[in-house]
Amino acid sequence: MIKVYTSSVLEAPADTVWAQVRDFNGLPKWTPFVAESRIEAGLAADKIGCVRNFRLKDGGTIREQLLTLSDYDYQCSYSILESPMGVSNYVATLKLTPVTDGNRTFAEWWAEFDCAPERERELAQQIGQGVFQGAFDSLKNLLRK
Amino acid sequence: MIRVTRSAVIDAPIGRVWELLRDFNSHSAWHPAVGESQIENGEPADQVGCVRNFFLKDGNHIREQLLALSDRDHISTYCILDATLPMQRYVATVQLKHVTDGDRTFWHWQSTFDVPRGREREFEELVGKGVYEGGFAGLRTFLRRGGVVSTGISNSEGMQGQAVIATAFGGPEVLRFEPASAKAPGPGEVRIRQTAVGVNYIDVYIRKGLYRLIEPPAAIGMEAAGTVLDVGEGVAHLLPGDRVAYACPPPGAYATLRTLSADQVVVLPDEVGDETAAAVMLKGMTAEYLLHRTHRVRPGQAVLVHAAAGGVGLLLCQWAKALGAKVLGTVSSEEKARLARENGCEFPIIASRYEFADAVKKHTSGRGADVIYDGLGREAAAENLDALATTGHWVAYGQASGPHDAPPDLSSKSGTLSRPVLFHYTADRARLNEMAQNVFLALRNKTIKAMLSHRYPLAAAADAHRDLEARRTMGSVVLLP
């Protein structure tokens with residue numbers, strides 16, 4: 001089991017950031033690598049247990065299930081059901097915390113998963129920097145507009 | 001229940017910030033609102049269960065206990081045990097998190113507590129703004145300055161100033177105002193730019209050679225206030241810019257700059273000005289130990305204070321009266337009698353030739369004084385013995401008329417004699433701190449007040465000595481560098 005942790009500071013109040021990221025079907029709106037997304041079985045995107053099925057811009061398809069959604073704690077967890085990444089037991093959490101000094105947001109995103117030992121370093125880099133930090137950077141640009 | 005949450009991003013790696021925050025006693029180094037602080041019973045500052053005992057610079061006193069400490073999660077949880085603030089069930093948690101984007105630190109500080117109804121907003125503001133936001137700003141400044149607990153920025157050069165030097169043992173004429181340098185503070189030392197210097201009768205004894213604490217030529221003076229310039233290695237409780245005061249040997253306080261052991265230096269609360277501090281540090285701590293430690297004055301006791309209009313005398317009268325004692329005092333003039341009366345001395349006795357025993361007995365229905373605070377010495381010894389109540393306590397803390405020839409025979413009164421010296425009481429830093437804080441508290445409560453009517457330029461120290469020895473002064477005397 002390895003753990004990847006990424007965090008950043010976003011120049012907007014936590015409510016504003018949360019409004020952007022709480023939509024489990026909203027990845028195409030704020031991440032740079034998702035081409036399109038839908039929720040399976042016609043469920044609402046904030047129904048616990050719903051599955052998002054999305055296609056990456058480079059072609060792969062991922063299915064993820066919503067495990068936790070807290071509007072009180074600004075927190076969302078999900079697991080991967082299917083992906084081309086070669087990971088198993090993958091659970092990730094995205095959490096926002098207000099920074100009262102400057103009315104900004106502390107954003108954390110972490111994941112735990114199993115993979116082949118020789119791929120740990122590559123996957124940690126790809127997920128921590130490529131996916132999580134990449135999404136934060138994209139979010140920063142979006143919030144600046 | 002009130003919940004207060006504040007958070008900030010500190011532009012430093014988490015290891016750097018945690019190293020400071022995990023030390024439960026470091027707050028006096030970086031938090032601008034925190035004054036003196038120490039961990040009780042000499043326990044390590046990262047021992048769960050240890051208690052930090054500290055003063056805020058506004059004078060409030062707080063004891064807090066460390067409940068949890070996690071180096072893995074960067075969490076420190078603590079509660080208030082006692083406070084002079086009306087806060088109940090206060091539990092606070094500090095948590096740090098790593099901001100991987102930029103290698104910075106997210107600092108989350110949260111507490112819950114109760115206060116009297118109607119004061120919620122006031123305390124939310126005090127804790128949120130004063131303590132937490134003030135702490136964020138203080139830690140940022142501390143890190144910018146170098147951020148090492150217990151080491152300031154020490155300038156290796158000696159600094160040129162001026163001092164009053166006793167060129168020989170003798171009269172006031174031996175005092176000269178001359179250039180003098182203050183060396184850079186070594187380990188455990190502090191260098192102070194002094195703004196007010198206290199004059200005490202002990203300075204006269206030292207100048208005369210009666211107490212051999214110097215070998216001329218040397219600077220004299222035991223007490224001063226000022227601002228910290230720099231500190232040496234291992235000094236944890238002082239930072240450059242702190243307003244401080246001290247009252248301790250070795251002599252050398254009559255100076256514009258001073259380097260001395262930081263152990264004896266205390267941080268001043270905001271409301272105690274430099275001149276007040278120089279006027280009351282030595283005299284106030286003297287009154288504190290005489291009334292609370294050498295003899296514990298109780299309501300109804302008859303207390304005889306000699307030189308009742310002097311610097312220590314006025315403070316003894318004020319404080320003894322507040323403790324419920326019946327205060328008698330000796331003075332040398334009508335004017336001084338009036339002043340002593342205004343300061344709590346119920347029966348001032350004008351005794352120009354050390355004759356007072358009859359008057360003391362008259363005012364105590366023949367019984368005499370339960371405790372005598374005697375700064376007079378040899379010439380008044382016979383009268384003091386006569387004025388002492390049976391089983392009374394004679395506290396001889398000074399000797400203005402010369403040292404006692406031999407211990408008096410106290411068997412006629414089953415009396416107790418004490419020969420206390422302030423600096424024995426203040427030698428232990430924890431006790432010094434307690435004594436100083438009691439003086440500051442008494443000032444704040446208006447139990448005592450500094451009577452400061454004589455100010456001289458430092459260069460005119462000889463004139464101050466002449467006036468003090470000729471009994472021309474009342475209350476405290478300070479020199480201004």
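**Salt bridges and contacts in a two-chain model**

Across the interface of chain A and chain B, 3 salt bridges are found. The structure is a predicted model, and the values below are computed from it. Side chains of opposite charge can pair when their charged atoms come close. One such pair at the interface joins Asp101(A) to Arg140(B), with N and O 2.7 Å apart. Polar contacts also link the two chains: 11 residue pairs, both partners at pLDDT 80 or more, meet in this way across the interface. On the side of chain A that touches chain B, strand 1 (2-10), strand 6 (88-99), strand 7 (104-114) and helix 3 (120-144) each supply at least two residues. Strand 1 of chain A gives the largest share of that side, 5 residues. Sorted by class, the side of chain A that touches chain B has 5 nonpolar, 6 polar and 4 charged residues.

How much area is buried between chain A and chain B? The value is about 1,100 Å², and carbon and sulfur atoms give 51% of it. In chain A, the residues that lose the most area to chain B are Thr100(A), Asp101(A) and Phe106(A), which together make up 36% of what that side buries. Asp101(A) thus appears twice in this picture, once in the salt bridge with Arg140(B) and once among the residues that lose the most area. Counted by residues, the contact takes 15 from chain A and 14 from chain B.

The next step is to look at chain A as a whole. Chain A contains 3 helices and 7 strands. Read from the N terminus on, its elements follow the order β-α-α-β-β-β-β-β-β-α. Chain A has 145 residues, of which 48% count as buried. Among the contacts in chain A with a separation of 6 or more, 47% are between residues 24 or more positions apart. As for its surface, chain A exposes about 7,000 Å², and carbon and sulfur atoms supply 49% of that area.

Salt bridges are also found inside the chains. Over all chains, the structure holds 40 of them. In chain A, Asp23(A) pairs with Lys29(A), and their closest N and O atoms are 3.1 Å apart. Is each partner buried or exposed? Asp23(A) is partly exposed, because its relative accessible area is 24%, whereas Lys29(A) counts as exposed at 52%. Another salt bridge of chain A links Glu122(A) and Arg119(A), where the closest N and O atoms lie 3.4 Å apart. Glu122(A) has a relative accessible area of 43% and is therefore partly exposed. Arg119(A), with 25%, is partly exposed too.

In chain B, Glu19(B) forms a salt bridge with Arg16(B), and the closest N and O atoms are 2.9 Å apart. Where do these partners sit along the chain? Both belong to helix 1 (residues 14-21) of chain B, and because they are 3 residues apart there, about one helical turn separates them. Glu19(B) counts as partly exposed at 48% relative accessibility, and Arg16(B) is partly exposed with a relative accessible area of 25%. Salt bridges can also share partners: in chain A, Arg22(A), Asp46(A) and Asp71(A) are joined in this way into one network.

Two single residues help to show how the surroundings of a side chain can be described. Thr77(B) lies in strand 5 (residues 75-83) of chain B. Thr77(B) counts as buried because its relative accessibility is 14%, which is under the 20% limit for that class. The side chain of Thr77(B) makes a polar contact, at 3.1 Å, with the side chain of Thr93(B). Setting aside neighbours within four places in sequence, the residues in contact with Thr77(B) are Gln65(B), Leu66(B), Leu67(B), Ala68(B), Val91(B), Ala92(B) and Thr93(B).

Ala35(A) belongs to strand 2 (residues 34-39) of chain A. With a relative accessible area of 34%, Ala35(A) is partly exposed. Which residues does Ala35(A) touch, not counting those up to four places away in sequence? They are Pro28(A), Arg55(A), Leu56(A) and Lys57(A). The C-alpha atom of Ala35(A) is also separated by 10.0 Å from that of Thr61(A), a residue 26 places away along the chain.

Notes
Residues are numbered from 1 along each chain as its sequence is written. Chains are lettered from A and ligands numbered from 1 in the order in which they are written. This is a predicted model: local features need pLDDT of at least 70, side-chain atom pairs count only at pLDDT 80 or more; totals for chains, interfaces and linings use all residues. Side-chain values use heavy atoms; hydrogens and water are left out. Contact means heavy atoms within 4.5 Å. Buried area is the accessible area (1.4 Å probe) that two parts lose on being put together, summed over both. A salt bridge is a side-chain nitrogen of Lys or Arg within 4 Å of a carboxyl oxygen of Asp or Glu. A polar contact is a pair of N or O atoms within 3.5 Å; within protein, one must be able to donate a hydrogen and the other to accept it, and residues adjacent in sequence count only if both atoms are side-chain atoms. Helices (H or I, at least four residues) and strands (E, at least two) are DSSP runs, numbered from the N terminus. Ala, Val, Leu, Ile, Met, Phe, Trp, Tyr, Cys and Pro count as nonpolar, Asp, Glu, Lys and Arg as charged, and the others, Gly among them, as polar. Buried means under 20% relative accessible area, exposed over 50%, partly exposed in between (1.4 Å probe, protein chains only). Accessible areas come from the Shrake-Rupley method with a 1.4 Å probe; for residues, only the protein chains shown count as cover.
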